[in-house]
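Below are my notes on the model, as numbered points. Please read them alongside the coordinates.

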2 protein chains.
Amino acid sequence: MSLKDKIAIIGVGSTKFGENFELSYSDMVYEAAHEACVEAGIELKSIDAAWLGTAFPDAGVWKGRSGMDLAEPLALFNIPVTRVSNYCATAGDALRNACMALLSGEHRIVLALGVEKLRDRSPRESLVKMMAEHGHPFYQKGFTAAGTFATYATRHMHEFGVTREDLARVSVKNHKHAVLNPKAHYRKEISLEFALNSPMVAYPLGLMDCCPTTDGAACAILVRTEDAASFNKDYVLIKGQGLSVSMGWDLPFHLPGYDFLSFRATKEAARMAYESAGVKNPAKEIDFAEVHDCFSNVELLTYEDLGFCAQGESKNLIREGATTREGRLPVNVSGGLLSCGHPVGASGLRMIYELTRQIQGKVGERQLEKTRIGLAHNIGGPGAVASVTILGAK
Amino acid sequence: MSLKDKIAIIGVGSTKFGENFELSYSDMVYEAAHEACVEAGIELKSIDAAWLGTAFPDAGVWKGRSGMDLAEPLALFNIPVTRVSNYCATAGDALRNACMALLSGEHRIVLALGVEKLRDRSPRESLVKMMAEHGHPFYQKGFTAAGTFATYATRHMHEFGVTREDLARVSVKNHKHAVLNPKAHYRKEISLEFALNSPMVAYPLGLMDCCPTTDGAACAILVRTEDAASFNKDYVLIKGQGLSVSMGWDLPFHLPGYDFLSFRATKEAARMAYESAGVKNPAKEIDFAEVHDCFSNVELLTYEDLGFCAQGESKNLIREGATTREGRLPVNVSGGLLSCGHPVGASGLRMIYELTRQIQGKVGERQLEKTRIGLAHNIGGPGAVASVTILGAK
């Protein structure tokens with residue numbers, strides 16, 4: 001059974017992403033939900049079930065461990081509110097469970113909201129330090145997120161002739177895109193030289209190859225498509241969804257023959273989403289995409305895993321400018337994680353916000369021409385879990 | 001739309017609950033899932049989506065932050081695995097989302113598993129210490145779980161003449177029940193005198209009024225009812241479900257007129273579940289129940305909130321022995337949280353395990369006579385979120 005066109009997004013909202021010291025976790029929840037409700041033409045009290053995506057409730061503010069932290073700021077009491085966490089696929093999974101609840105017939109108007117507050121932590125108490133001290137298995141082994149994803153970058157460079165310049169081109173592109181996005185964390189163009197000369201974090205990833213640490217929240221309100229027009233005639237359809245857990249922390253390092261050249265979770269999630277949406281040739285059928293550029297090389301790998309090009313060909317896409325705003329398959333016109341930042345539990349819904357607004361034609365000067373079918377992608381874990389959502393015009 | 005009789009449980013599994021130092025988090029996941037699969041007559045690879053319930057991944061073992069920690073020990077790769085957390089209602093919510101996924105038609109054979117490893121932590125690094133140090137809002141204000149629930153106990157005593165003996169009677173009853181449960185943490189009868197003289201934790205709650213800190217995992221495998229008989233003819237039906245978030249941490253202390261005499265979350269979750277199951281008079285229609293006796297007084301309050309008796313009358317039920325194995329509405333014949341312990345994310349599914357096995361008539365010497373309709377209840381938060389699930393014979 002395919003969910004294609006059965007669920008409609010009737011409202012989206014997003015805070016500005018950045019160092020939101022002036023906003024609490026609850027303030028961000030309210031701001032994102034309020035924008036979505038206004039667009040949907042509903043009051044909060046109409047919502048009959050909700051899903052909260054937060055991946056790191058212990059990263060400073062001890063918020064987001066249960067549905068309560070969504071219910072309280074919105075006074076969404078006496079309904080079910082579920083908290084979901086699935087690393088960087090957290091928001092995609094919150095959205096997915098919300099969609100199934102609508103399809104089940106158990107609920108009628110649902111809200112999915114992702115939020116993370118990562119900057120309200122003393123620099124001495126960073127997320128990395130917390131994870132290392134508390135015995136997170138990855139960090140115990142001496143890895144960081146940058147260090148792990150870097151192992152994929154060096155292999156990609158070795159096998160397919162990807163260069164550090166190609167990685168830098170991703171960052172230059174996304175920073176340029178972000179200048180037009182008032183909700184991005186960074187809105188400043190950078191040069192190729194600046195990116196290449198930025199301080200090394202984990203070879204070959206320099207500082208400009210890494211997304212910043214950011215606060216933010218984003219939200220979507222959904223109904224079954226037959227109900228959509230009664231709320232908001234300008235609704236957007238869900239064409240397909242996929243979520244896949246495809247390996248554990250240790251597996252890549254223990255699997256004989258594992259080549260560090262693709263993320264199976266991305267491929268499986270995309271397969272599910274394409275099947276539902278009826279997409280046969282993503283390179284031609286997807287008009288634009290928001291993909292998980294937590295590190296610049298991950299955007300390149302993802303072009304290949306999503307079938308935007310053949311394996312090893314992503315370097316050509318970035319060199320030709322095919323994924324710029326002006327290219328044939330614009331990617332991360334929001335600025336991506338590299339410029340919007342990555343409040344982990346929020347990023348997936350921030351992408352849904354961007355896709356929805358682009359499809360509605362409501363993003364002002366950053367509006368793309370072709371926005372019939374858009375794709376949102378997250379990969380987390382690193383490599384363990386991926387989410388793919390495809391939205392389309394009605 | 002009611003979910004009554006649309007979903008069937010075709011297999012359940014549970015580890016022994018206790019200080020499972022010999023079992024890792026992953027070992028417990030495997031043990032509970034394996035038992036459920038054997039009963040369901042399926043192999044793990046048949047499962048096409050799964051939900052993991054863990055509430056405290058940071059309580060020592062840093063496991064359970066994403067679906068990966070369920071997928072890895074079971075090799076459930078290339079399918080969606082969602083992690084849910086909702087304090088003490090975590091497992092009930094994992095089960096609920098799994099049921100909606102079946103109803104949606106997106107999945108066919110799903111697994112819901114709750115697990116928590118709370119004992120693999122140095123005594124110097126207790127959960128309470130972690131929560132206090134990291135600024136958990138409740139603990140910042142000087143509360144503990146016992147201290148908070150105690151405020152409900154004193155009010156109950158003041159308003160309705162509940163006595164410390166009544167609280168002790170709950171603990172005596174549940175400890176007696178647990179002697180027959182090989183999977184309980186404690187299996188030793190205690191006397192009323194022993195309970196009353198146990199060290200005071202937070203007046204009026206003595207040590208024997210408090211559930212222990214425990215490791216454990218429990219699991220259920222579910223399909224749509226029309227598919228059930230092809231897997232396991234001895235399936236059990238879901239009659240109703242409810243989950244409600246009804247207040248935040250601070251609300252009870254800020255709401256003028258809040259009387260500390262009931263948990264609204266329990267009442268709302270029960271209302272939803274009763275409506276779905278078509279239960280009009282719970283005191284007569286529910287044959288047996290597993291309710292959230294994290295502290296002895298909570299079991300009494302819950303009799304009232306679930307409608308097993310009128311408000312203020314729970315003391316009579318416990319004095320008359322109405323909720324013993326031999327009584328007219330047996331409650332916590334497993335031994336409850338007071339004897340099984342409370343691995344937070346697992347408790348709700350441990351109750352589902354008990355209900356299912358009782359309905360199937362498979363619990364040996366602890367078998368009850370009347371087990372057509374059973375109810376499982378959790379309240380967490382404290383007071384913020386509750387889950388109610390009603391199971392029935394086919």
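1. Of the 394 residues of chain A, 68% count as buried, where buried means under 20% relative accessible area, exposed over 50%, and partly exposed in between (1.4 Å probe, protein chains only). The accessible surface of chain A is about 12700 Å², and carbon and sulfur atoms account for 52% of it; areas come from the Shrake-Rupley method with a 1.4 Å probe, and for residues only the protein chains shown count as cover.

2. This is a predicted model, in which local features need pLDDT of at least 70 and side-chain atom pairs count only at pLDDT 80 or more, while totals for chains, interfaces and linings use all residues; side-chain values use heavy atoms, with hydrogens and water left out. Residues are numbered from 1 along each chain as its sequence is written, and chains are lettered from A and ligands numbered from 1 in the order in which they are written.

3. Chain A has 16 helices and 11 strands; these are DSSP runs numbered from the N terminus, with helices being H or I of at least four residues and strands E of at least two. Its radius of gyration is 19 Å, close to the 21 Å that the globule rule gives for 394 residues, so chain A is as compact as a globular protein of that length. The radius is taken over C-alpha atoms, and the rule is 2.2 Å times the number of residues to the power 0.38. Along the principal axes, the C-alpha atoms of chain A fill a box of roughly 55 × 45 × 40 Å.

4. Among contacts in chain A between residues at least 6 apart in sequence, 78% join residues at least 24 apart, a contact being heavy atoms within 4.5 Å. A50(A) can be inspected as a single site: this residue lies in strand β2 (residues 49-53) and is buried, with a relative accessible area of 0%. Not counting residues up to four places away in sequence, A50(A) touches L70(A), L76(A), I79(A), P80(A), V81(A), T82(A) and L111(A). The C-alpha atoms of A50(A) and N97(A) are 9.5 Å apart, with their positions 47 residues apart along the chain.

5. How are the two copies related? A rotation of 180 degrees with 0.0 Å of shift along its axis superposes chain B on chain A, at an RMSD of 0.0 Å; the fit is by least squares on the C-alpha atoms of residues with pLDDT of at least 70 in both. The two copies are thus related as by a two-fold rotation axis. In chain B, the C-alpha nearest that axis belongs to S104(B), 2.0 Å away. The same surface serves both copies, as 100% of the contact residues of chain B recur in chain A.

6. Backbone geometry deserves a look. The peptide bond between Y203(A) and P204(A) is cis, with omega about 5 degrees, and P204(A) sits in the loop between β5 (200-202) and β6 (205-206) of chain A. In chain B, a cis bond joins Y203(B) and P204(B), with omega near 5 degrees.

7. Two non-glycine residues with positive phi may also be checked. D5(A) has phi near 65 degrees, lies in the segment before β1 (7-14) of chain A, and is partly exposed at 28% relative accessibility. A75(B) has phi of about 50 degrees; this residue is in the loop between α2 (68-74) and β3 (81-85) of chain B and counts as exposed at 54%.
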